[in-house]
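Below are some notes on the model you sent, set out as numbered points. They go from single loop residues to the whole chain, then to one helix and the charged pairs.

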Amino acid sequence: MHAPEHTQLPDASILVFDFDLRFTLVAGHALQGGNGRPSYRVGQPIAHAFPPELWQEIEPLCRTALQGDTRSRKIRDTAGLHSLTIDVGPLCVQQPLFPDQPTLTEGKIAGGVAVVLDTSLTTAAQDEPVEPAPPEHFELVFQRAPIGTGLIDQAGRWVLVNQALCDITGYTSGELIGQRFSDITHPEDATNDSARRQQLLDGEIAAFQTEKRYFNSVGETMSALLSVSLVRDQHDAPLHFIVQMQDISERKHLEDHLRHLADHDPLTGLRNRRLFEHDLKLQLGRCQRYAEQAALLVIDLDGFKLVNDRHGHKVGDDALKAIARTLTRRLRATDLVARLGGDEFAVLLPHMDRQGAEIVAEDLMRVIEACVVDAGDTVVHLAGSVGFALIDQHTLHDDQVLVAADRAMYEVKRSRAAAGVALR
């Protein structure tokens, strides 16, 4: 049964509903039935909270919201008893709102949100369409929403924020309202959604998601997932953006950590072969395109197998970590150092000619020989052979460079062995 015609509609409410058009959350002034009790229950059809004549107008808006559309309408029944302004749009979340809901894939619509404002008293004697209420009238209905939500005008200023959004950013509503969102956004991310926002304004898309870094109230850099939609008036003119904001800083930190593990050697912390070969391809492309010159150095420790055989793998691991620290300290910040595997290392030197590469190779062999490792009752002195190959606009393949540098390294190793230089 629908609510009776004399149902007293709310001053303002925010309604969250599922794909069956049933309540999952109501905030703000609760919908009241004629007996003074709430006319809704979680799981109950939202149609039961409205007179049938109004529901005929509201239902299509709710269904289009579930398809990603956002609309603003002013609705009045023929008897003139009820007049509403209603904003309806999709609810896009990454995590379930309730424990029994499944986790959603990024960007998937989880349901719909309707913001309802009762304007019956102000329009009872008017024949003209209802004018939109100022955004400030919606402040109360947002406060209990579980997701950080705000309204932004077309100049990019916050006009309404809820408590969840304040909790995420650390700012009070008074500090945010009137401030541009770009004022707290990381400069590198300030315009990363400009094209999508224009598509939204042009009606090419109904909503979009993007990630932005922002500065919280204590100046820390945080990461947020934004779901952005647009409320339009009855003439399809843009009114304001609806922004739903989720703090994903912990997730981003985890992603960065996992990415680091995938791209770096777990023992030394240096780049691994996969990442280094990617860097080498990029450098080769710059050399071919812009006529840059670079050098690739390959380093192999002399007689390193004896370290593990004589002193154990713990000392061998300590030796590899010591070499990694030595190379990193000696080289420029722009030089890229990697452990290719075993006791083999590589260094990529951007903007380096033959004379410079020869100097660096000789210097690295000297600093490696000065590196010692504590083996308990003795110390282990290390030694290494370094070979290099140049990269210029005539270099065709990255494999070609690796093979050339590897061959050069083995030439050095043979000459050092012949001279009696080895692990001591």
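1. Helices here are DSSP runs of H or I with at least four residues, strands are runs of E with at least two, and both are numbered from the N terminus. On that basis His351 falls in the loop between β13 (344-350) and α11 (354-369). The model is a predicted one. His351 is not a glycine, yet its phi is positive, at about 50 degrees. The residue counts as exposed because its relative accessibility is 59%, and the cut-off for exposed is over 50%.

2. Ala291 is another residue to check. Its phi is near 60 degrees, a positive value in a residue other than glycine. Ala291 sits in the loop between α8 (273-290) and β11 (294-301). With a relative accessibility of 47%, Ala291 is classed as partly exposed.

3. On the chain as a whole: the protein has twelve helices and 16 strands. Of its 424 residues, 48% are buried. Among contacts with a separation of 6 or more, 57% are between residues 24 or more positions apart. The accessible surface is about 21,100 Å², and carbon and sulfur atoms account for 51% of this area.

4. Does the length of helix α12 agree or disagree with its residue count? Helix α12 (residues 398-418) has 21 residues and should span 30 Å at 1.5 Å a residue; the C-alpha atoms at its ends are 31 Å apart, so the two agree.

5. Which residues of α12 are buried? They are Asp398, Val401, Leu402, Ala405, Met409, Lys413 and Arg416. These residues lie on the same side of α12, because the arc they cover around the axis is only 105 degrees. They pack against α8, β11, β13, α11 and β16 (384-391). Exposed residues Asp399, Arg407 and Ala418 are on the face turned away from the buried side of α12.

6. Asn272 is in the loop between α7 (249-263) and α8. Asn272 counts as buried because its relative accessible area is 15%, and the cut-off for buried is under 20%. A polar atom of the Asn272 side chain lies 2.9 Å from the backbone oxygen of Ala262. Apart from neighbours within four places in sequence, the contacts of Asn272 are Ala262, Asp263, His264, Asp265, Ala338 and Arg339.

7. The whole structure contains 25 salt bridges. One of them joins the side chains of Asp193 and Lys212, at 3.1 Å from N to O. This pair links distant parts of the chain, 19 residues apart: Asp193 is in the loop between α5 (173-176) and α6 (194-201), and Lys212 is in strand β8 (residues 207-215). Both Asp193 and Lys212 are buried.

8. Within helix α8, Arg273 and Glu277 form a salt bridge with an N to O distance of 3.3 Å. The two are separated by about one helical turn, because they are four residues apart in α8. Arg273 is partly exposed, at 34% relative accessible area, and Glu277 is also partly exposed, at 24%.

9. Helix α12 has a salt bridge between the side chains of Arg414 and Glu411, at 2.6 Å from N to O. Arg414 and Glu411 are three residues apart in α12, which means a separation of about one helical turn. Arg414 is partly exposed at 47% relative accessibility, as is Glu411 at 48%. Elsewhere, Asp300, Asp302, Glu369, Lys413 and Arg416 are joined into one network by salt bridges that share partners.

Methods:
Residues are numbered from 1 along each chain as its sequence is written. This is a predicted model: local features need pLDDT of at least 70, side-chain atom pairs count only at pLDDT 80 or more; totals for chains, interfaces and linings use all residues. Side-chain values use heavy atoms; hydrogens and water are left out. Buried means under 20% relative accessible area, exposed over 50%, partly exposed in between (1.4 Å probe, protein chains only). Contact means heavy atoms within 4.5 Å. Accessible areas come from the Shrake-Rupley method with a 1.4 Å probe; for residues, only the protein chains shown count as cover. The expected span of a helix is 1.5 Å times one less than its number of residues. The arc is that of the directions from the helix axis to the C-beta atoms. A polar contact is a pair of N or O atoms within 3.5 Å; within protein, one must be able to donate a hydrogen and the other to accept it, and residues adjacent in sequence count only if both atoms are side-chain atoms. A salt bridge is a side-chain nitrogen of Lys or Arg within 4 Å of a carboxyl oxygen of Asp or Glu.
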